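Okay, everyone, grab a seat and let me put this one on the screen. I'll talk through a few spots and then step back for the wider view.

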Amino acid sequence: MADGRADPSFHSPNDPTRHASGSTGAEISVSLKVNGTLHALTLDPRTTVLDLVREHLDLTGTKKGCDQGQCGACTVLIDGRRVNSCLTFAVMYEGAEITTIEGLAITGALHPLQQAFIDHDAFQCGYCTPGQICSAAGLIAEGRAKTAEEIRELMSGNICRCGAYTNIIAAIQQAMARS
Amino acid sequence: MIEFQYSRATDVADALRQIADNPSAKFVAGGTNLIDLMKMDVERPTKVIDITRLPLKQVEDTSDGGLRIGALVRNSDLAYHAPIEQRYPVLASAILAGASQQLRNMATTGGNLLQRTRCHYFYDTSTPCNKRAPGSGCSAIGGHNRMHAILGTSDACIAVHPSDMCVALAMLEAKVHVTGASGDRSIVFADFHRLPGDTPQRDTNFDAGEIITAVELPPKGFARNYSYLKVRDRLSYAFALVSVAVGLELDGDTIKEARFALGGVAHKPWRDPRAEAALHGQPANAATFARAADVLLREARGYEHNTFKIDLARRCLVRALTQAARGTPQSQSSKKIA
């Protein structure tokens with residue numbers, strides 16, 4: 001909202017996923033891939049990408065923190081780019097490929113970032129971790145950050161209220177060195 | 001969020017037809033501000049027209065040596081676009097000073113211009129706000145106004161424009177190309193955003209039935225002597241208390257041309273030709289910069305919690321001019337202010 005303060009207690013009373021039915025009479029069909037699986041869906045247009053993965057596809061690894069684009073807990077990759085899934089409507093992504101935390105591990109092996117977060121104890125409560133890891137995957141793909149200072153700046157969209165930042169940076173540096 | 005109809009526009013003409021059909025429709029592209037405001041019930045469009053498929057995603061050279069940026073170019077793509085980095089580094093720097101990489105990956109050039117203020121009271125539908133509900137009063141005057149404006153305010157509104165990118169565009173004297181039912185027009189950047197006056201509900205001189213197609217940069221990019229300095233409550237991912245975009249043209253130590261714009265201090269990116277004129281032909285030193293700051297802030301007015309911004313703006317301007325004159329622009333990753 002106003003100055004970057006997250007208010008995790010706030011949820012819109014009109015969040016469509018909180019009601020049993022969409023009830024708009026104007027639902028929209030959309031086909032998109034999530035973690036490599038094609039889904040053909042009919043959605044209330046108010047459904048955010050975050051609510052799509054959590055409520056419709058039962059992929060609850062992606063977290064709802066502030067639901068206002070201020071905390072980064074909802075970060076996913078859409079067509080390879082990291083975005084806040086809470087601030088975008090799923091119906092806008094016809095034909096897109098979405099990757100969530102559940103889609104990073106390949107055939108049972110942890111993604112190098114997942115392993116690095118474990119190696120460096122880069123979390124405490126873990127709530128921000130899926131967003132941190134998806135964001136870091138986007139960061140590494142962008143190739144813009146080299147130093148710890150640059151990683152810190154380009155990871156600033158992911159808030160960790162436990163304050164695990166030092167270990168998060170170390171984990172990302174480890175994964176970056178091996179990528 | 002209220003229910004709305006969703007549709008996709010196929011081209012600019014289709015987008016204009018669709019918005020003409022429904023006065024309460026809104027275009028969505030990046031959505032990073034619109035969707036936030038819809039969740040808060042501040043924006044209540046009954047139709048949302050998705051314009052992300054329109055062919056407005058190119059950055060092209062213009063015949064006069066400038067650049068034309070399509071309205072749908074994402075903020076991160078623009079900041080890392082090589083001709084922007086090389087010829088207009090102040091713009092790249094300003095973009096990277098704003099939001100987070102996730103948001104910059106979504107937000108578009110046109111949408112950045114049209115984002116609304118982050119005034120707490122504008123967002124809080126339980127409080128009076130002349131911008132959200134004209135005539136209801138301003139809760140920020142006499143309220144929590146630490147983030148608010150010190151220049152160009154009115155008795156109706158003391159909100160600030162939140163953009164960093166627009167501060168650089170104002171300094172660079174960009175032009176905004178728009179298309180509407182009556183054809184194409186271009187708006188010089190200084191005339192795009194408005195001061196609040198007694199109509200704070202109108203942020204811009206852009207009309208509801210129009211669409212931004214491009215932002216054009218003139219040839220002069222101040223690539224040698226520039227800086228974008230942003231001061232905020234934390235090191236990253238926060239709105240400006242004060243920001244300054246500076247471009248200088250020097251002849252030895254003498255200032256041939258000086259331009260600057262400020263963010264975080266007014267309802268629009270703040271340019272002041274008289275303050276800039278105080279620099280022209282003068283030696284590039286601290287005394288000259290301080291005189292320009294005196295002119296800039298001659299009519300500044302603090303409210304209960306933001307009077308500190310007057311001194312802060314003075315220091316930021318002097319520091320940014322010093323950085324630009326030395327050819328040592330502010331880094332957006334190292335936050336040490338040199």
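So look at Glu173 of chain B, just after helix H9(B): Glu173(B) takes a positive phi of about 60 degrees. Keep in mind that this is a predicted model.

Now the helix that comes just before Glu173(B). H9 of chain B covers residues 165-172, and how many of its residues are buried? The count is 8 of 8, so to speak a mostly covered helix. If you want to click through them, the buried residues are Met165(B), Cys166(B), Val167(B), Ala168(B), Leu169(B), Ala170(B), Met171(B) and Leu172(B).

Staying in chain B, let's go to a histidine, His193(B). Where does His193(B) sit? In the loop between helix H10 (189-192) and strand E8 (211-217) of chain B. And is His193(B) buried or exposed? Buried, because 24 other C-beta atoms lie within 10 Å, and the cut-off for buried is 20 or more. Leaving out residues up to four places away in sequence, His193(B) touches His161(B), Asp203(B), Thr204(B), Lys268(B) and Pro269(B). Take Thr204(B) from that list: Thr204(B) is 11 residues from His193(B) along the chain, and their C-alpha atoms are separated by 4.2 Å.

Let me zoom out on chain B. The secondary structure comes to 13 helices and 12 strands. The radius of gyration of chain B is 20 Å, close to the 20 Å that the globule rule gives for 338 residues, so chain B is as compact as a globular protein of that length. Along the principal axes, the C-alpha trace of chain B spans about 60 × 50 × 35 Å. Of the 338 residues in chain B, 54% count as buried. And if you take the contacts in chain B between residues at least 6 apart in sequence, 65% of them join residues at least 24 apart.

Domains next. Chain B is divided into domain 1, which is 5-52, and domain 2, which is 225-326. The centres of those two domains of chain B, taken over C-alpha atoms, are separated by 36 Å.

Some strand pairing in chain B, then. Strand E1 of chain B, residues 5-8, is joined to strand E3 of chain B, residues 47-50, by 4 bridges, and they run parallel. For a landmark, Ser7(B) stands opposite Ile49(B) in E3(B). Strand E2 of chain B, residues 25-28, is also parallel to E3(B), joined by 4 bridges. There the pair to find is Ala25(B), which stands opposite Lys47(B) in E3(B).

Over to chain A. What is the strand order in the chain A sheet? It goes E2-E1-E5-E3-E4, so to say 5 strands in an open sheet with mixed pairing. Strand E2 (37-43) and E4 of chain A stand at the edges with a single partner strand each, so one side of each is left without a neighbour in the sheet. The twist averages 40 degrees from one strand to the next. Within that sheet, E3(A) and strand E5 of chain A, residues 97-99, run antiparallel and are joined by 2 bridges. The bridge partner of Ile78(A) in E5(A) is Ile98(A). Helix H3 of chain A, residues 129-142, lies across E3 and E4 of chain A, at about 35 degrees to E3(A).

Chain A has its own domain split: domain 1 is 16-103 and domain 2 is 112-177. Their C-alpha centres lie 23 Å apart. Across that boundary, 14 residues of domain 1 of chain A are in contact with 13 residues of domain 2 of chain A. On the domain 1 side, strand E3 (75-78) and strand E4 (81-84) of chain A each supply at least two residues. E3(A) gives the most to that side, with 3 residues. By class, that side has 6 nonpolar, 5 polar and 3 charged residues.

Last stop, the two chains together. 32 residues of chain A are in contact with 33 residues of chain B. Which elements of chain A give two or more residues to the side that touches chain B? Those are E4 and helix H4 (148-154) of chain A. The class breakdown for that side of chain A is 11 nonpolar, 13 polar and 8 charged residues.

Conventions. Residues are numbered from 1 along each chain as its sequence is written. Chains are lettered from A and ligands numbered from 1 in the order in which they are written. This is a predicted model: local features need pLDDT of at least 70, side-chain atom pairs count only at pLDDT 80 or more; totals for chains, interfaces and linings use all residues. A residue is buried if 20 or more other C-beta atoms lie within 10 Å of its own, exposed if 12 or fewer, and partly exposed in between; C-beta atoms are placed from the backbone. Domain bounds come from an automatic or database domain assignment. Two residues are in contact if their C-beta atoms, placed from the backbone, lie within 7 Å. Ala, Val, Leu, Ile, Met, Phe, Trp, Tyr, Cys and Pro count as nonpolar, Asp, Glu, Lys and Arg as charged, and the others, Gly among them, as polar. Two strands pair if DSSP finds at least two bridges between them. Axes are lines fitted to C-alpha atoms, for helices over the stretch in contact, and angles run from 0 to 180 degrees between N-to-C directions. The radius of gyration is taken over C-alpha atoms; the globule rule is 2.2 Å times the number of residues to the power 0.38.
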